[in-house]
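Reader: Hello! I am new to this structure and would love a close look at a single part of it, with the terms explained as you go. Could you take me through the sheet and what lies around it?

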Amino acid sequence: MALREAAGNTVRETLANSMAQETSRDIGPVVLLGPPGAGKGTQAKRIMDRYQVPQVSTGDLLRQNIAQGTEVGCAVKAVMARGELASDDLVCEMVRQRLRQPDCEQGYVLDGFPRTEAQAEWLDAFLENTVFENSHPENSHPEQSHRFSSKENPSSKSHPRVTRAWPIVIRLDVDYNQLLLRITGRRSCPTCGRIYNVHFQPPAFDEVCDVDGSKLVTRNDDRLEVIQPRITAYQEQTGPVADYYQRSGRLIAINGDQPMDVVTEEIFRILEGHRTENSVIEDQRA
Ligand code: ADP
Ligand code: ADP
């Protein structure tokens, strides 16, 4: 009996793992664009849970570096406290190292990156190299090489799985006054990273994480005097990123003013649409 249960559990685990792999293979890179407080982190965590791909948040990575007192942390601490952007070179190198980690092989959600046109160009170049390093010869067909890469051994005779290479870019648009409320009300758990909001998503007990009981913290740059420079940086430096993706028809804007669950549903629908498109292409290749 115990053996049968154990076997059943193993089968279930294997099935769950392979379903998670199937799901994660299909979405590839996802970029969440949007002003500070738009809900990128909140939605990135939901995509991560559903599709089993990691959230790569440049803001979180930089804050970790500051907390650990690394060279990168020391270089960006004052810049971030003023609400300005860290340098492209520093951020791109940090992202390059992160995307080379094995957990990113089947996709990831970029939250807060790219934030300048130079970063967007860098990401495309990075993805293009990833395509050509790992691609199956069939994928070097010009129409497909821009969109898909294969992680399979090029010499493999079997039908290769394809993974989206160019990112799906989703921008969350949110009204200015709503942004102010979201940013000033934001709290996060220093232990598990869960995000709360004193107005819209309060914890069960005041200022305490529902998951692990840690005392919630307010980000250093979520102060009123730093919010305006951050929004200005978004408009002036990140605005061109949206134009960049718009020009190549890759930008999908959604109404981020809606309740969290509605925004999540829209995002999942977009991602599912791309997965369907991907499966059709896989079927045609089979
Ligand atoms: P970003 O990563 O874009 O800066 P967050 O995901 O951290 O934004 O969200 C900012 C704040 O707004 C958080 O406190 C979060 O709980 C809240 N929030 C996120 N999405 C919504 C939403 N759709 N409606 C209301 N509040 C939201
Ligand atoms: P939010 O979206 O709420 O503004 P983030 O956590 O994404 O917050 O970013 C916080 C800060 O980290 C930014 O104001 C900026 O100083 C720095 N930062 C994050 N991502 C980047 C990036 N891609 N390029 C340059 N600076 C960045």
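Author: Happy to help; here is a walk through the sheet, with a little about the whole chain and the two ligands.

This is a predicted model, in which local features need pLDDT of at least 70, side-chain atom pairs count only at pLDDT 80 or more, and totals for chains, interfaces and linings use all residues. Residues are numbered from 1 along each chain as its sequence is written, while chains are lettered from A and ligands numbered from 1 in the order in which they are written.

Let us start with the whole chain. The protein chain has ten helices and nine strands; these are DSSP runs numbered from the N terminus, with helices being H or I of at least four residues and strands being E of at least two. The mean pLDDT, the predictor's confidence in each residue from 0 to 100, is 81 for the protein chain, and 74% of its residues reach 70 or more. Over residues 1-22, however, pLDDT stays under 50. Residues 131-164 also have pLDDT below 50.

Now for the sheet. Five strands form an open sheet in the order 2-3-1-6-9, with parallel pairing; two strands pair if DSSP finds at least two bridges between them. At the edges are strand 2 (55-57) and strand 9 (251-255), each of which pairs on one side only. From one strand to the next, the twist averages 25°. Angles here run from 0 to 180 degrees between N-to-C directions, and axes are lines fitted to C-alpha atoms, for helices over the stretch in contact.

Strand 3 (residues 107-111) deserves a slower look. Strand 3 pairs with strand 1 (residues 28-33) in the parallel sense over five bridges, and Pro29 stands opposite Tyr108 in strand 3. Strand 2 also runs parallel to strand 3, joined by three bridges; there, Val56 stands opposite Leu110.

How many residues of strand 3 are buried? Five of its five residues are, where buried means that 20 or more other C-beta atoms, placed from the backbone, lie within 10 Å of a residue's own (12 or fewer is exposed, and in between is partly exposed). Gly107, Val109 and Asp111 are on one side of strand 3, with Tyr108 and Leu110 on the other, so to speak of its faces, both are covered. For the protein chain of 286 residues, 32% count as buried.

Helix 2 lies across strand 1, strand 2, strand 3 and strand 6 (168-173), running at about 170° to strand 3. Helix 2 (40-51) also supplies at least two residues of the shell around ligand 1, as do strand 8 (195-197) and helix 10 (260-285). Of the 19 residues around ligand 1, Gly39, Gly41, Thr42, Arg182 and Asn197 come nearest; a residue is near a molecule or strand if its C-beta atom, placed from the backbone, lies within 6 Å of it.

Ligand 2 is surrounded by 19 residues, and the closest are Pro36, Thr58, Gly59, Gly112 and Arg115. Helix 3 (58-68) and helix 4 (71-81) each supply at least two residues of this shell, and the largest share, three residues, comes from helix 3.

Technical notes: Two residues are in contact if their C-beta atoms, placed from the backbone, lie within 7 Å.
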